[in-house]
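Student: Please take me through the reasoning behind the labels used for this protein.
Tutor: Look at the sequence and structure, then ask.

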Amino acid sequence: MSFQAYLDNIEAKTGLTPRQFIDLAAGKGFGPGTKSGEIIAWLAEDYGLGRGHAMALVHVITKGPKIDAKHVDSGRAHSDPSDTLWLEGKATNPAS
């Protein structure tokens, strides 16, 4: 599953876009430098997200929307067509 598909699935499950999760995380003091375990625990407790989905959000909360170029069109797990994830919601994604 691509990183973007993880984010789209999270939105479908929770009704929240990745950008909204970034804002919620910032309100809790989470951002660059936050340990992943803290964010994973919050997402599991408050939103029922499993580790894989939570890790996709950990990435955008702590590192932003850019992903490593090795994931772009790699044909492997987490392969995405772009090195930039769309955070504004699936319905507004121009690539959809």
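**From value to label**

Tutor: Bear in mind that this is a predicted model. Start with leucine 57: setting aside neighbours within four places in sequence, leucine 57 is in contact with Leu7, Ile10, Pro18, Phe21, Leu43 and Leu49.

Student: What makes these pairs contacts?

Tutor: The cut-off is a distance: heavy atoms within 4.5 Å. Leucine 57 meets that criterion with Leu7, Ile10, Pro18, Phe21, Leu43 and Leu49.

Student: Which residues have the most contacts inside the largest nonpolar core?

Tutor: They are Leu7, Trp42, Leu43, Leu57 and Ile61, in a core of 23 residues. Helix 1 (3-14), helix 2 (18-27), helix 3 (36-47) and helix 4 each supply at least two residues of this core. Helix 4 provides the largest share, 6 residues.

Student: Why is tyrosine 6 called buried?

Tutor: Buried requires under 20% relative accessible area. Tyrosine 6 has 16% relative accessibility, so tyrosine 6 counts as buried. This residue lies in helix 1. Between the C-alpha atoms of tyrosine 6 and leucine 43, which are 37 residues apart along the chain, the separation is 14 Å.

Student: Why does alanine 44 count as partly exposed?

Tutor: Exposed means over 50% and buried means under 20%, with partly exposed in between. Alanine 44 has a value of 38%, and therefore counts as partly exposed. Alanine 44 belongs to helix 3. Its C-alpha atom is 7.6 Å from that of alanine 54, although the two are 10 residues apart along the chain.

Student: How do you know that asparagine 93 is buried?

Tutor: The limit is again under 20%. The relative accessibility of asparagine 93 is 12%, so the residue counts as buried. Asparagine 93 sits in the segment after helix 4 (51-63).

Student: What does the side chain of asparagine 93 reach?

Tutor: That side chain reaches the backbone nitrogen of alanine 95 at 2.8 Å. A polar contact needs a suitable pair of N or O atoms within 3.5 Å, and the distance here is 2.8 Å. Apart from neighbours within four places in sequence, asparagine 93 is in contact with Gln4 and Trp86.

Student: Which residues lie nearest the centre of the largest pocket?

Tutor: Gln4, Pro81, Thr84, Asn93 and Ala95 do, out of 12 lining residues. The space in this pocket is about 190 Å³.

Student: How do the lining residues of the largest pocket divide?

Tutor: The lining has 4 nonpolar, 6 polar and 2 charged residues. Asparagine is outside the lists for nonpolar and charged, so this residue type counts as polar.

How values were computed. Residues are numbered from 1 along each chain as its sequence is written. This is a predicted model: local features need pLDDT of at least 70, side-chain atom pairs count only at pLDDT 80 or more; totals for chains, interfaces and linings use all residues. Side-chain values use heavy atoms; hydrogens and water are left out. Helices (H or I, at least four residues) and strands (E, at least two) are DSSP runs, numbered from the N terminus. Buried means under 20% relative accessible area, exposed over 50%, partly exposed in between (1.4 Å probe, protein chains only). A polar contact is a pair of N or O atoms within 3.5 Å; within protein, one must be able to donate a hydrogen and the other to accept it, and residues adjacent in sequence count only if both atoms are side-chain atoms. On a 1 Å grid over the protein atoms alone, a cavity is a set of points where a 1.4 Å probe fits but cannot get out, and a pocket is an open set with protein on both sides within 12 Å along at least five of seven lines; lining residues have an atom within 4 Å of a point. Grid points are joined across faces, edges and corners, and a volume is the space filled by probe spheres set on the points. A nonpolar core is a set of buried Ala, Val, Leu, Ile, Met, Phe, Trp, Tyr and Cys residues joined through side-chain atoms within 4.5 Å.
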